[in-house]
Every structure is written in C-alpha cells, then in structure tokens.
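Colleague: I have the file open next to the sequence. Can you walk me through it?

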Amino acid sequence: MKKYIKIIKPLIALSLTLMMFSPVCAPAAASYESYEYSDYDWDRFRGKNMSVNVYNWGEYISVDDGEEDAFDTNKAFTELTGIRVNYSNFASNEEMYAKLKSGGSSYDIIIPSDYMIARMANENMLEKINFSNVPNFSYIAENFRNNAFDVTNEYSVPYMWGIMGIIYNKTLFDESDNPATWDILWNEKYAKDILMFSNSRDSFAISLFRLGYSVNTTDENELREAAAELSKQKLLIQAYVMDEIFDKMGGGEAALAPYYAGDAITMMEDNPDLEFVVPEEGTNVFIDAMCIPKGAKNKEAAEMYINFLCETRVALKNCEYIGYSTPHIAVYELLDDETKESISYPSEEALSKAQEYITLPSDTTRLLDSLWTELMSQTGKNPWLSPVLIVVSVTLIIFINVRRYRKKKTREL
Amino acid sequence: MKQTSKAAVPYIIWMSVFIVIPLFLIGVFAFTTTVTVDAAGNIIDPETLGYMDGAGIDRETGELTADESEEETDISWVTFPLTEKTIFTLDNIFAVSDYLPVLFLSIWLALIATAICLIISYPLSYMISRMNFQRQNIMLMLVMLPMWMNFLLRTYAWMTLLERNGWINKLLALIGLGPFEMINSQGAVVLGMVYNYLPFMILPLYSIMTKIDERTIESAQDLGAGALAVFGRVILPLSMPGIASGITMVFVPAVSTFIISRMLGGGTNMLIGDLIDLQFLGNAYNPNLGAAMSLVLMIFVLLCMSLTNQLDNEEMESVLL
C-alpha cells in the first residue's frame, strides 16, 4: 500500500507559501534550521550518547530527497536533541509483528496499523505511553483519539490515516451510473472491467459494507453471505490485485477498482481520466499510529521522538512527503483549501460511516481465510484433478517396480 | 580422502546453518502452536474473555483497564498472570487438508509446465548438442540471456504483453484480430512457468547430450537400427539422467512458485506458494499453519524426486548392463 507514495510537488509548494503567510508561524521561521520548536525539554539527553531504533513502513517519513525544500526528519531530530536515530523499514504489519515476536531485535518506536496495534496490545507487546512526555498529543484531532483499536488511548499516537473508496476511469464509465456505491462493483455492465483486492480482509469488508453489516463481524452467517456475494461478483472480476493496480488503472486496463485515497492520488497523477469516490454505504478508514514496543531501551527518548513527529512543522513536512491524510489539527489548518477538499479529506458524513478494522478472533480469521481460499480456487477446482494425479502416480510406481522386477530376473538369468 | 573431507568443512557448516536448522525449525513450527495459559496452567483463549480490543485487561494482574467490552464475561476462574506457552499439536497438519485442492492445482499446473518444457527442450537440446562448438556457445548464450534479467521483471513484462491493452493485442488489432483475453488464466500461469524455468530444462539436457558420442549413434545405425530405434534404444536411455534432473529442476520451483500465479493468474488461480506466503507475510498470518503446508509440499516434492531418481537409476543400470 505504501510503496508507491510520491511527493506531491504542487501541494508542497502551495502549502509552503501558505505557511509563510500563515499567522501560526512567522515567515522567517520557514527554514528548518531556525524553526522554533515548541516549548519542551529537547536537550535533556544531549551528550549522553543515546540512540533510538525506529521501525516504520517504507517511504513513510520525510527524507532529504534532493528537492529544494527537502526536510530530513531524523537528521533534524538528531540536531535538535543529540539523540541518534537508527531507522529501518518493514513492508507489512505482519512482517513487523513476526520480527518483534521472534525477539531478535529491539525497537523503541514502531508505526503499525490499527488492527495490528490492537493485536499487539492484546498480546502485551506494547508499552504504555507516558503522555506527559508527549504534550503535542493535544494537536491530534478529537475523532482520532480513543480509537477502536486502543479505546483508552494508552498505547498509540496517530500518525497518518486514509480511507478506502472506488477509483473509476471516466472514459470507460457510463455517466448515468452512480459510482459512489459498492453496488457498482457488482454491476454486470462492467463485467471483466472490475479489479478487486487480493486480500481477504479488504474484499470481505467491501462485501460486508454492501450488505450493511459490520466489517468486524464475527457472525458466521454474515460472513458466509458476504462470501456468497463475493463469489457471484467473481464472474465480473478481471483480476484480484494489490500493487499491480497502479499499472492496471494507470494503463486504462480496467474501469473500476477499490483502493485507498492516498494511492489513488498517485494513480490520478499518472492518468487524468481517473476519479475517486467514497461509497455511501460506508467504508474502511485505516490509521497508522506510533507505539512503543515492550523492551524499548529508551522509553523516554522514544516519547521525545513521538512528540517530535507531532511538532506542527515536522508533521506538515511528513504529511506533504507521504501524501496521506493527517490527524494533526494544526497541520490540517495549514493545508490549502484545494487539499482540504481533495479526496484525502472526505466529508464528515463519509467519515462518520467509516469503520476501522480491529483484530478478529482466531476462529473468525480462520473462517475468513478458508472462505477466501475457497473463493480464490473455485475455478481451479477440477473434479478430475485428484483421480488423474492418483492414477498417474500409481501407474508410475507400478511401471517402475515391474521394470525393476524384470531386470532383476534377467540379471539372475 | 582426508583432504577432501577437510575441504568439505565450509560446506557442511553452511549446510547445517542454512539448510538443516531451518528444516528443523519448519518441523518444529508445523507440530506446535502457541497458547495462552494462566498461572494454574489452564489453557485459555484470551478472546473468550471478551477483551478483544487489547486495552481491556492487564495480563499481569488481571486488572480491568477499561470496561469497553460489550459482554461481561466471568473471569473469576482465571488466575493471573497470563503467559504464553508453545505446545505440541497435530491441528496444523489436519488443517492443511482444507487446502489440498490448492496443492493439487499447483502440482497439476507444474506437471503441465514441466511436460511442455520437456517437449520443447528435448529436440532443442539435441540440436544444440550436434552443432559445431561456436554455434553451441551462441545458442547457449541465447538460452541464458533472459536469466540475466531479474525474474520479477520478466514476469512483469509478460503482464504488459498479455493484457487487454497489451502489446500482443495491439499487434493483433493491426491485422484486425482480437482482442483476446489472455492474462488472468491458468494458461497464462503455465506460460509464465514455462518461460521462466525453460533454461533449467535445457541446460541439464544439453550437458548430458553433448556426452553422447556421435559414434554410438552411427554404430547403432550400422547395426541396422532405424531412426526410431536409435532414439528409443540409444539416445533416450543415454539422456535419461538429464531428463530426470531437468524434470526436478523445473518441477520443484514451478510447484512452489507464488509470484507468477499472482501476476499472471489474476489472483484467482491461487497456488500453494501463494497460500504459504499468505501465512507468513499476508493477512492470514499463521506461521504454524504455513510451516505445516511447507512440510506437506516438501513431502510431495520428495516423492516426485525419488520417482524421477528411480527412473534415472534404472536407466543407468540398463545402460551399464
């Protein structure tokens, strides 16, 4: 999901100009050497030869990419506090989880997604954050606190968020149809022109939203109903994809596809015929949040780092670099109107219907998994498969043994 | 003899660290599962406690940290702290049964791909082996050429070739044909396998065929063997070891591939490799089940290899006799 993020140059330029004139920070404060960070004891670990280990998604932080206004987050942190940053990347929540679970490495800050945070908190893998060390938490919008994955908001500080919607190609789409509904993905008019997620959670979420059920349902009948709908839909699907979608939608290969807003912006830059809508039935909103795993060596330094990422200046730079939506009030205020109204920031109404994923019980996960596998291997199910295989192997075995027997006999003769 | 065993030491270390230990770990993972136990040693399912959302209960003390949970479950019978424990189980192996159709599909497609590879490679390798030395080198280089490029990139290239707006359909449109639906099918997956693994069939076949002395064939002809008899009684038996190793080298990677089916199969032709990938890095995350699947796959592959080895040995014996 996060692999294809690009910098949105016009956005940076616009919001930077805005920042210059915004009353929040004086024009002179725009260059980061002279930027005044908020009142906080940044210097308390200086000279103590400290370091923090940060584990984050790939391309998920602002780095010095040679652009004019490039901002190197980690370098700026080291300059400000004297704490060194060891930064490393993961490609999926599960990869990060597996690495932490195996215990071979120690990290001070991790940035997983919602359902994974719930799972890790549940398995006692997260440290409670001391929020008096993170005063900038006050910038996090009210509706991004006490999320379903961390109801008491003890373990996480939201970093970025995004919403799932439908991307459609105007040239291949009939204007008279309403694209803002999940039903459109079941419309026979677009047979073989629809792409779908090749991961069970997102695909089931779409089917569940369309049926009006909760995305986190544990009811077997609801899940089976959703699976039955997905299997009806399968006849209309061109392909089940993940990252391949950038190529396929960019190249006009399909008319409709569900995906996340931040990535939709990237695709729309490649292909101006693409549009993005958020379906009326409700959709998934994901939140990636900063956490401190158990066994962190420098918890206080980690909290300082989290506070640093919540600094308005830093959060703005990261938001511009990544292109996802920010939960930071001050940063949102600094964005220009065009961005505020863009697909990254859907209406209150759309957000109120959005649901987060939470970790499902293992029985439900297993059911989801087997329903999904069944769905994915339906066409491949050939009743002759196993008999033919058995007959072939048995003949082969008989053949080999008969030959050996005969050869033995000739040798004896 | 002493010297050779000393020379083998680095390899033995390499093998034990990177092959034997991981294999052992797969075995351990396949037959175990991690459960939560309370202080009294009872196995409990934390989810049945009704505190799924993590922030509900303190594992050390049993203290409630939030009462957001909808259902109040009686947890007085649980003694804290909760700890995690790894126990022996056969559940993972049983669970693999659900996925047998996927395994069969993988074997089926891999068999087809192997057969096609063999049919294409056999005459080609024979032809190359009969050429003069210089042309042999050029032909071999041509065979190896695609392998200089990254495997993923080559498969990706097939995607842009086979798509509806891809190059093949564009070319066909010029002469008024198409468009054809080529990608997102089992045929495309087999094509991807054949394309990617063809060199692994050609090379062993070629190397064994260059060893067949031209004079052997000539003497067979002198003794009155027709073309068919020369092939059936001289070339085929002599090239058997090459066939056996070629089949192994194509079948084994083909049966466990996962990226080809994802890119060219459109996601609907899930293979066992995709399933295993899903268990380790996907959202199905269950390494124990993934290890059990790998174990079953490994046994299948071993069976297939021993079958081809049988073929090989038998034929070699007959040649020696």
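Modeller: Buried residues (under 20% relative accessible area, with over 50% called exposed and partly exposed in between; 1.4 Å probe, protein chains only) make up 42% of the 321 residues in chain B. This is a predicted model, where local features need pLDDT of at least 70, side-chain atom pairs count only at pLDDT 80 or more, and totals for chains, interfaces and linings use all residues. Residues are numbered from 1 along each chain as written, chains are lettered from A and ligands numbered from 1 in the order written, and side-chain values use heavy atoms, leaving out hydrogens and water.

Colleague: What share of chain A is buried?

Modeller: In chain A, 58% of the 413 residues are buried.

Colleague: And how many helices and strands in each chain?

Modeller: Chain A has 15 helices and 11 strands, and chain B has 13 helices and three strands. These are DSSP runs numbered from the N terminus, H or I of at least four residues for helices and E of at least two for strands.

Colleague: How much surface does chain B have, and what share is carbon and sulfur?

Modeller: About 17,000 Å² is accessible in chain B, with 69% belonging to carbon and sulfur atoms. For chain A the exposed area is about 17,100 Å², and carbon and sulfur supply 53%. The areas are Shrake-Rupley values with a 1.4 Å probe, and for residues only the protein chains shown count as cover.

Colleague: Back to the strands. What is their order in the chain B sheet?

Modeller: The order is β2-β1-β3, in an open sheet of three strands with antiparallel pairing. Because β2 (43-44) and β3 (83-88) of chain B are at the edges with a single partner strand each, one side of each has no neighbour in the sheet. Two strands pair if DSSP finds at least two bridges between them.

Colleague: How many bridges between β1 and β3 of chain B?

Modeller: Six bridges, with β1 covering residues 32-37 of chain B. Val37(B) has Thr83(B) of β3(B) as its bridge partner.

Colleague: Helix packing next. At what angle do α4 and α10 of chain B pack?

Modeller: About 140°, between α4 (residues 100-130) and α10 (residues 227-255) of chain B, with axes 9 Å apart. Axes are lines fitted to C-alpha atoms over the stretch in contact, and angles run from 0 to 180 degrees between N-to-C directions. α4(B) and α10(B) are therefore oblique to each other; under 35 degrees counts as roughly parallel, over 145 as roughly antiparallel, 65 to 115 as roughly perpendicular and the rest as oblique.

Colleague: Which residues make that contact?

Modeller: Among them are Ile107(B), Leu111(B) and Leu118(B) of α4(B), and Phe231(B), Ile235(B) and Ile243(B) of α10(B). Contact means heavy atoms within 4.5 Å.

Colleague: And at what angle do α5 and α8 of chain B cross?

Modeller: Roughly 155°, with the axes of α5 (residues 133-144) and α8 (residues 186-209) of chain B coming within 10 Å. So α5(B) is roughly antiparallel to α8(B). Gln136(B), Leu140(B), Val143(B) and Met144(B) in α5(B) meet Pro199(B), Ile202(B), Leu203(B) and Tyr206(B) in α8(B).

Colleague: Switching to chain A: where is Thr326(A)?

Modeller: Thr326(A) is in the loop between α10 (312-322) and α11 (329-334) of chain A.

Colleague: Buried or exposed?

Modeller: Thr326(A) is buried, at a relative accessible area of 5%. Leaving aside residues up to four places away in sequence, Thr326(A) touches Trp161(A), Cys319(A), Val331(A), Tyr332(A) and Tyr345(A).
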